[in-house]
Amino acid sequence: MSRPVLAPRFTAIDETRALAIFSMIIMHFGPGAFQRLPALQPLAEPILFLGRFATTTFVVVFGITIGFVYFDRFRGPDRRLVLEATYARARLLVLCALLICMPDYINLWLAGDFNLSHWLFKTYSIFNYYALALLSVPLWLRVLVAAPMRNALLLGAAHWALALLWLLFWPLDPALGLQEYLRLNLLSGPYAYLQLSGSAIMAIPVGIALRQAVRTRQELNFVRRLLPLALALSLAGGLLGLATGEFGLHNIVLGAIKAPPRVWYWLFFGGAALLLLIGFILLGLKLGAREKKLTYPIALFGQASLPIYTAHTFVLPALNWLDHLFVVEGVPRIILPLLLFAIYCAVVMDYYHRKSLRPKSG
């Protein structure tokens, strides 16, 4: 029987990913909810600020997961299995990227808009980045094998430097044609491949170190080493953001400073993502077996991030399509889609729970 390519799941990683999903839900559903609940408007910006943790946390966790799950396997006898796993995941991401275009394509069709440029740009999403990144993972691991920490810092910084320099020489295409679409995906969009990959690569050694700590039961020592780094990153990002004049609650919530990606933004929120991971590791060390059952649904939610993210893109468009039959307003317009979405999430989480109980091949 074939050996499993994945390392055992580490709950804190899944729980951190779950918070990224919660953050994404706040950002995507929050603005509409606050519009219909004007009494809560003073809380809008502080709450929506939490929604800005999503992308950076997802990408940092992605890098950590590469180090935790794949690195040891890649440099050992299971390299072929790692390649197969990453390529299979990339194909799944391409499928999901096409699937989440459907609501926008339906809306364009209903509006009679058949402009090819509009249809092309509606394919832009975070899934584009992950598909490209997963195809790149084998190359990253080849570079990191010799000296993971040093090479990750050099390769990650090189991605950021290339993006910043290339932006100077690749001007915006006002016609919004194919060239601008490529520029958007590579370096100018909120999910730009070069900058996000640079951040993910620099997070890989964290995953490698965490894997070693779990293997030797030294998680607390790992936390002691990581905590100063996480705090330093967030502090440096905040100070750099203040120096540029861009750091501010309103600017961050507005989202305009997400594209092209800023160094200070990724330092600040990347450090915060590491602090979330640290918090969940400490929580896991403190909780007993009975208490861990209470946090288990959070981990399941994190494991189900891909189908949950894919499905959430259909919620608001489906609500708008429902308006053609009958209009739901007020609080029910908030409760109805969230209730249906919650039921879907529960079903998906149950699937992952049952999947975890299946015998593993080995």
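Q: What sign does phi have at glycine 112, which follows H5?
A: Phi is positive at glycine 112, near 70°. H5 is one of the helices, which are DSSP runs of H or I with at least four residues (strands are runs of E with at least two), numbered from the N terminus. Do keep in mind that this is a predicted model, where local features need pLDDT of at least 70, side-chain atom pairs count only at pLDDT 80 or more, and totals for chains, interfaces and linings use all residues. Residues are numbered from 1 along each chain as its sequence is written, and side-chain values use heavy atoms, with hydrogens and water left out.

Q: Which residues of helix H5 are called buried, and what does that word require?
A: In H5 (residues 102-110), the buried residues are Pro103, Tyr105 and Leu108. Buried means under 20% relative accessible area, exposed means over 50%, and partly exposed is in between (1.4 Å probe, protein chains only).

Q: What makes leucine 176 stand out in its phi, and why is it called partly exposed?
A: Leucine 176 is not a glycine, yet its phi is positive, about 50°. Most residues other than glycine have a negative phi. Leucine 176 sits in the loop between helix H8 (148-169) and helix H9 (178-188). Its relative accessible area is 41%, so it falls in the middle class.

Q: Why does arginine 217 count as exposed?
A: Its relative accessibility is 73%, which is above the limit for that class, so the word fits. Arginine 217 lies in the loop between helix H10 (193-215) and helix H11 (219-244). Arginine 217 also has a positive phi, about 55°, although it is not a glycine.

Q: How do you know whether glycine 156 is buried or exposed?
A: At 0% relative accessibility, glycine 156 counts as buried. This residue is part of helix H8. Not counting residues up to four places away in sequence, glycine 156 touches Gly198, Ile201 and Met202, where contact means heavy atoms within 4.5 Å.

Q: Why is helix H15 said to be largely enclosed by the rest of the structure?
A: H15 (residues 305-312) has 8 residues and 7 of them are buried, so the description follows. The buried ones are Ser305, Leu306, Ile308, Tyr309, Thr310, Ala311 and His312.

Q: Why are H1 and H3 called roughly antiparallel?
A: The axes of H1 (residues 11-36) and H3 (residues 54-74) cross at roughly 160° and come within 9 Å. Axes are lines fitted to C-alpha atoms, for helices over the stretch in contact, and angles run from 0 to 180 degrees between N-to-C directions. Angles under 35 degrees count as roughly parallel, over 145 as roughly antiparallel, 65 to 115 as roughly perpendicular and the rest as oblique. H1 and H3 are therefore roughly antiparallel to each other. By class, their contact has 9 nonpolar, 4 polar and 1 charged residues. Nonpolar here covers Ala, Val, Leu, Ile, Met, Phe, Trp, Tyr, Cys and Pro; charged covers Asp, Glu, Lys and Arg; the others, Gly among them, are polar.

Q: What makes H10 roughly antiparallel to H11?
A: Their axes come within 8 Å and cross at roughly 150°. That makes H10 roughly antiparallel to H11. The residues of this contact divide into 7 nonpolar, no polar and 2 charged.

Q: Why is H1 called oblique to H13?
A: The axes of H1 and H13 cross at roughly 130° and come within 9 Å. That makes H1 oblique to H13. The crossing of H1 and H13 is right-handed, whereas that of H1 and H3 is left-handed. Left-handed means that the near helix is turned anticlockwise from the far one by less than a right angle, and right-handed means clockwise.

Q: What makes a group of residues a nonpolar core, and how many residues has the largest one here?
A: A nonpolar core is a set of buried Ala, Val, Leu, Ile, Met, Phe, Trp, Tyr and Cys residues joined through side-chain atoms within 4.5 Å. The largest has 101 residues, and Phe62, Ile64, Phe127, Tyr129 and Trp140 have the most contacts inside it. H3 supplies the largest share of this core, 13 residues.

Q: Where is proline 260 found, and what is the peptide bond before it called?
A: Proline 260 is in the loop between helix H12 (249-254) and helix H13 (263-286). The bond from alanine 259 to proline 260 is cis, with omega near -10°. Most peptide bonds are trans.
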